[in-house]
Amino acid sequence: MGTGASISICQSLSSVKVKHGGNKIGPEPQRIFGSPLDVVIKDTTQQSLPLVVQHTVEYLEEFGLNHKGLFRINGSAAKIRALRLKYDQGEEVDLVKEGDINSVAGLLKLFLNQLPTAVFPEKLCTDIWAIFEENKNCTTEQTRCLKSLFNRLPEAHSCLARFLIRFLAKVAANSDVNQMTLENLAIVFGPTLFRIPCSPLAYEKQTLCNAMLLHMLQHHKDLFLESPNNHLSPMEEQFQIFHPVSPPQELTQPTEENEPPPGMPRAVWRLPSMWWQCCVFNLSAHSSGKTGSV
């Protein structure tokens, strides 16, 4: 190649302009699907739940509770894949515009299935299985057994499990329309929340896990010590156990002179609130001429 050719090539290369990208260099967003639960929730503040779980459950509570075959009819694989990608890339997701009921339900199940460790880890369930099965004729003992399981769960797993069980109970409350009874939900979500590995006893273990989930759904109010309209944190639940029942409002309001209501001794007026029910009962019995004991 001659000198003229070399000069021509150099001139051509010098005329090439480098186009700089508009994207800023920064840390890659944390992948949501397939990451450990405690890693996924580290940047969230609401109830220590993964955003994808919050978003999908909120969407399904608003639009899906009366949808026939919820969680049993497969959603669009393309939509689920696109939604998953957006969550993994840290993009904003509008499920109302970009999803539909079956796809959003499938997205929730996909997230739970891809957790490296199931919501109820197998290593924490081993001895619980035997105790639960031995007490199959005693609901109280089974509930106590499952409470001990929740006490063993890591905080992130416990929070997610409680949230999901309350949600599934709402789904079952509309089973006359969506046809998803407690039994159906236990069959659908049992393998997802417990995830039994393949073995000769896998079927028996999975059947038992489904029964445990069914019991959780049937007795979640007793299991979580919650009122029907409240979602209590574990700390609030412990407080509720020891906190006395509040006295009736009409008895807690002092008179203008800060005196007890008519007929109530001043000493009783000063008693802690946990004694109010006894006091009211005795006063009522006294005024009606009857006696009784609490």
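A residue counts as buried here when its relative accessible area is under 20%. Keep that cut-off handy for the tour. One more thing before you start clicking: the model on your screen is predicted.

**Stop 1: the whole chain**

Show the protein chain as a cartoon. You'll find 17 helices and zero strands. Now colour by burial: of the 294 residues, 37% are buried. Switch on the surface and you're looking at about 18,200 Å² of exposed area, with carbon and sulfur atoms supplying 55% of it. How far apart in sequence are the residues that touch? Take the contacts between residues at least 6 apart in sequence: 67% of them join residues at least 24 apart.

**Stop 2: the largest nonpolar core**

Nonpolar side chains tend to be buried together in soluble globular proteins. Select L60, F71, F111, L112, F120 and M216: within the largest nonpolar core, which has 68 residues, these touch the most other members. Which helix gives the most to this core? Helix 9, residues 155-173, which puts in eleven residues. Colour the domains too, and you'll see that the core takes at least three residues from domain 1 (27-116) and at least three from domain 2 (118-225).

Zoom in on L112. Ignoring its neighbours within four places in sequence, L112 is in contact with V119, L160, L164, F189, T192, L193 and R195. Remember R195, because we'll come back to it.

**Stop 3: helix 9**

Select residues 155-173. From first C-alpha to last, this 19-residue helix reaches 27 Å, close to the 27 Å expected at 1.5 Å a residue. Is it enclosed or out in the open? Helix 9 is largely enclosed by the rest of the structure, since 16 of its 19 residues are buried.

**Stop 4: aromatic pairs**

There are seven aromatic pairs in the whole structure. Start with F71 and F167: the ring centres are 6.2 Å apart and the planes sit at 80°, so this pair is edge-to-face. F71 is in the loop between helix 3 (51-63) and helix 4 (77-88), while F167 is in helix 9, so the pair links parts of the chain 96 residues apart. Both rings belong to buried residues.

Next, select F120 and F150. They are edge-to-face as well, at 5.7 Å centre to centre with 90° between the planes. F120 sits in the loop between helix 6 (101-113) and helix 7 (122-134), and F150 is 30 residues away in helix 8 (residues 139-152). F120 and F150 are both buried. Now add F194 and F224 to your selection: ring pairs link F120, F150, F194 and F224 into a cluster.

**Stop 5: two backbone oddities**

Go back to F71. What is its phi? It is positive, about 75°, although F71 is not a glycine. F71 has a relative accessibility of 4%, so it counts as buried.

R195, the contact of L112 you met earlier, has a positive phi too, about 55°, and it is not a glycine either. Find R195 in the loop between helix 11 (182-193) and helix 12 (202-218). Is R195 buried or partly exposed? With a relative accessible area of 25%, R195 is partly exposed.

**Stop 6: helix 12**

Select residues 202-218. Helix 12 has 17 residues and spans 24 Å from first C-alpha to last, close to the 24 Å expected at 1.5 Å a residue. Its buried residues include C209, M212, L213 and M216. Which helices do the buried residues of helix 12 pack against? They pack against helix 7, helix 8, helix 9, helix 11 and helix 13 (220-224).

**Stop 7: two last residues**

Select S103 in helix 6. Its relative accessible area is 0%, so S103 is buried. Beyond its neighbours within four places in sequence, S103 is in contact with G75, S76, K79 and I80. Try a distance label from S103 to I80: their C-alpha atoms are 5.7 Å apart, although 23 residues separate them along the chain.

Finish with I131 in helix 7. I131 is partly exposed, with a relative accessible area of 36%. Draw a line from I131 to L146, C-alpha to C-alpha, and you get 9.5 Å in space for residues 15 apart in sequence.

Note on methods
Residues numbered from 1 in each chain as written. Predicted model: local features only at pLDDT ≥ 70, side-chain atom pairs only at ≥ 80, totals over all residues. Heavy atoms only, no water. Helix = DSSP H or I, 4+ residues; strand = E, 2+ residues; numbered from the N terminus. Buried < 20%, exposed > 50% of the residue type's maximum accessible area, 1.4 Å probe, protein only. Contact = heavy atoms within 4.5 Å. Areas by Shrake-Rupley, 256 points an atom, 1.4 Å probe, with all protein chains shown as cover. Core = buried A, V, L, I, M, F, W, Y, C linked by side-chain atoms within 4.5 Å. Domains from an automatic or database assignment. Expected span 1.5 Å × (residues − 1). Phe/Tyr/Trp six-rings, centres within 6.5 Å; stacked < 30°, edge-to-face > 60°.
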